[in-house]
Amino acid sequence: MKIIGTGSALPEKVVSNDMLAGFLETSDEWITTRTGINTRRLLSSDNLGELAITAARAAIETSHIDIENIDYIICSNVANNYVTPSLSTIIQGGLGDCSCPCMDLNGACAGFIYAIDIAEALLKTDRARNILIVCAEEPSKFCNWHQRETSVLFGDGAGAVVVTGGDNLLSRRVTAKSQKDVLYYKRPLESTPYDRSTENAEPLVMNGRDVFRMAVQGSLSDINALLDDAHMQPDDVDYYLLHQANMRIINSIRENIKQPEEKFPCNLQRYGNTSSASIPILIDELAREHKLKEGALLMLSAFGAGFVTGGALLRW
Ligand code: ACO
């Protein structure tokens with residue numbers, strides 16, 4: 001598998017830490033020192049479907065593949081306004097001349113790596129030649145905005161890639177270990193005359209310390225396993241592109257494998273945690289700034305609710 005096109009799109013509204021401190025008991029100092037986040041982009045007059053389509057179009061354009069030659073769309077999304085139809089079919093509708101199969105997956109913040117895993121299987125078994133992966137997330141819509149613990153952490157956004165056959169994906173790994181209480185969002189369902197339990201909807205609940213610990217441990221075990229598989233050392237990797245959750249999580253991982261800061265490009269300072277969209281948005285920014293040289297070795301690593309993790313080692 002190889003990545004041949006990238007795209008991203010972010011909401012127009014920029015929300016600073018000070019703006020949050022206007023209605024939450026928090027401060028720029030608390031948020032910056034605990035998370036590294038300065039601003040985030042939040043949906044207001046725009047919507048997630050539009051962002052996803054814009055990111056998808058940009059990825060297809062840079063891939064130089066005609067839209068009719070995209071033969072699968074995989075969309076990673078935790079939640080959006082439509083439970084059904086899938087967001088991937090909504091994206092397909094916005095792309096014009098496209099009638100390929102579409103699927104959504106919910107791999108939480110590790111959804112991009114899960115999508116890569118599935119895309120590689122489809123390519124390897126000749127079920128598809130060119131696959132569009134779109135990660136589109138609006139975590140701001142499932143946070144409790146009266147609760148400072150979670151609402152300051154997230155941002156909305158979409159990132160996309162087009163992948164095709166190739167031998168640039170050296171190895172990948174996805175894991176899951178059921179831990180539903182550390183991080184969850186229960187959305188409302190309709191009540192029925194037979195079941196009122198559907199009324200127990202709850203905005204995002206997070207045990208920050210457990211998430212921190214599981215994120216660092218999970219990411220390190222994926223990184224080390226992928227390096228072992230490839231008979232490589234941490235020094236061999238040019239860039240570590242980690243899920244943009246929190247600068248302290250990223251720094252803990254970085255310090256453990258004794259690598260310099262410049263190998264860990266980050267944009268969470270500007271965008272906050274955009275869940276599964278964070279890695280493809282970062283890849284798109286680096287590609288557009290010509291920071292990814294051909295042949296560069298990239299280590300991708302993500303972790304999220306489930307608890308799930310995923311890593312991929314690939315050549316650019
Ligand atoms: N502003 C001010 N104070 C706050 C805020 C806030 N936004 N949020 C929490 N606090 C308070 C708490 O109420 C608590 O107060 P108390 O001590 O009076 O009870 C205190 O700050 C907690 O402080 P710390 O214990 O120092 O916080 P900690 O160092 O654990 O940092 C954090 C909290 C940032 C959530 C940390 O646990 C963390 O990074 N966890 C990982 C969470 C994460 O990144 N989730 C991302 C989503 S999931 C994913 O992407 C996989």
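**Exercise 1. Ser 88 and its surroundings**

Work out whether Ser 88 is buried or exposed in this predicted model.

*Solution.* Start with the cut-off: a residue counts as buried when its relative accessible area is under 20%. Ser 88 has a relative accessibility of 0%, so it counts as buried. Next, place the residue in the chain: Ser 88 belongs to helix H4. Now look at what surrounds it. Setting aside neighbours within four places in sequence, Ser 88 is in contact with Ile 73, Cys 75, Cys 102, Met 103 and Asp 104. With one of these, Asp 104, the side chain of Ser 88 makes a side-chain to side-chain polar contact of 2.7 Å.

**Exercise 2. Cys 98 in its loop**

Find which residues Cys 98 is in contact with, leaving aside its neighbours within four places in sequence.

*Solution.* First find the residue: Cys 98 sits in the loop that runs between helix H4 (87–95) and strand E5 (102–105). Then check its accessibility. The value is 13%, so Cys 98 counts as buried. The contacts asked for are Ile 67, Ile 73 and Gln 92. Take Ile 67 as an example: 31 residues separate it from Cys 98 in sequence, yet the two C-alpha atoms are 6.2 Å apart in space.

**Exercise 3. The shell around the ligand**

Describe which residues come nearest to the ligand, and which elements supply the shell around the ligand.

*Solution.* Begin with the residues. There are 23 of them around the ligand, and those that come nearest are Thr 26, Arg 209, His 243, Asn 246 and Asn 273. Sort the shell by character and you get 11 nonpolar, six polar and six charged residues.

Now turn to the elements. At least two shell residues come from each of helix H2 (28–35), helix H6 (148–151), helix H7 (208–229), helix H8 (247–256) and strand E12 (297–304). H7 gives the largest share, with four residues.

Finally, go down to single atoms:

- Arg 209 has a side-chain N or O atom 2.3 Å from an oxygen atom of the ligand.
- Thr 26 places a polar side-chain atom 2.6 Å from a nitrogen atom of the ligand.
- Glu 149 has a polar side-chain atom 3.1 Å from an oxygen atom of the ligand.

As for cover, the ligand on its own has 1000 Å² of accessible area, and the protein covers 75% of that.

**Exercise 4. Two aromatic pairs**

Decide how the planes are arranged, stacked or tilted, in the pair Phe 23 and Trp 145 and in the pair Phe 142 and Tyr 185.

*Solution.* Two values are needed, because a pair of aromatic rings is described by the distance of the centres and the angle of the planes. Planes under 30 degrees apart count as stacked, over 60 as edge-to-face and the rest as tilted. The count for this model comes to three aromatic pairs, and here we take two examples.

For Phe 23 and Trp 145, the ring centres are 6.3 Å apart and the planes stand at 40°, so this pair is tilted. The partners are 122 residues apart: Phe 23 is in the loop between helix H1 (17–21) and H2, and Trp 145 is in the loop between strand E6 (130–137) and H6. Trp 145 is partly exposed, at 24% relative accessible area.

For Phe 142 and Tyr 185, the centres are 4.8 Å apart with 10° between the planes, and the pair is stacked. This pair also links distant parts of the chain, with Phe 142 in the loop between E6 and H6 and Tyr 185 in strand E9 (residues 183–186), 43 residues apart. Compare the accessibilities to finish: Phe 142, at 8%, counts as buried, whereas Tyr 185, at 28%, counts as partly exposed.

Terms used. Residues are numbered from 1 along each chain as its sequence is written. This is a predicted model: local features need pLDDT of at least 70, side-chain atom pairs count only at pLDDT 80 or more; totals for chains, interfaces and linings use all residues. Side-chain values use heavy atoms; hydrogens and water are left out. Buried means under 20% relative accessible area, exposed over 50%, partly exposed in between (1.4 Å probe, protein chains only). Contact means heavy atoms within 4.5 Å. A residue is near a molecule or strand if one of its heavy atoms lies within 4 Å of it. A polar contact is a pair of N or O atoms within 3.5 Å; within protein, one must be able to donate a hydrogen and the other to accept it, and residues adjacent in sequence count only if both atoms are side-chain atoms. Accessible areas come from the Shrake-Rupley method with a 1.4 Å probe; for residues, only the protein chains shown count as cover. Ala, Val, Leu, Ile, Met, Phe, Trp, Tyr, Cys and Pro count as nonpolar, Asp, Glu, Lys and Arg as charged, and the others, Gly among them, as polar. Rings of Phe, Tyr and Trp (its six-membered ring) pair if their centres lie within 6.5 Å; planes under 30 degrees apart count as stacked, over 60 as edge-to-face and the rest as tilted.
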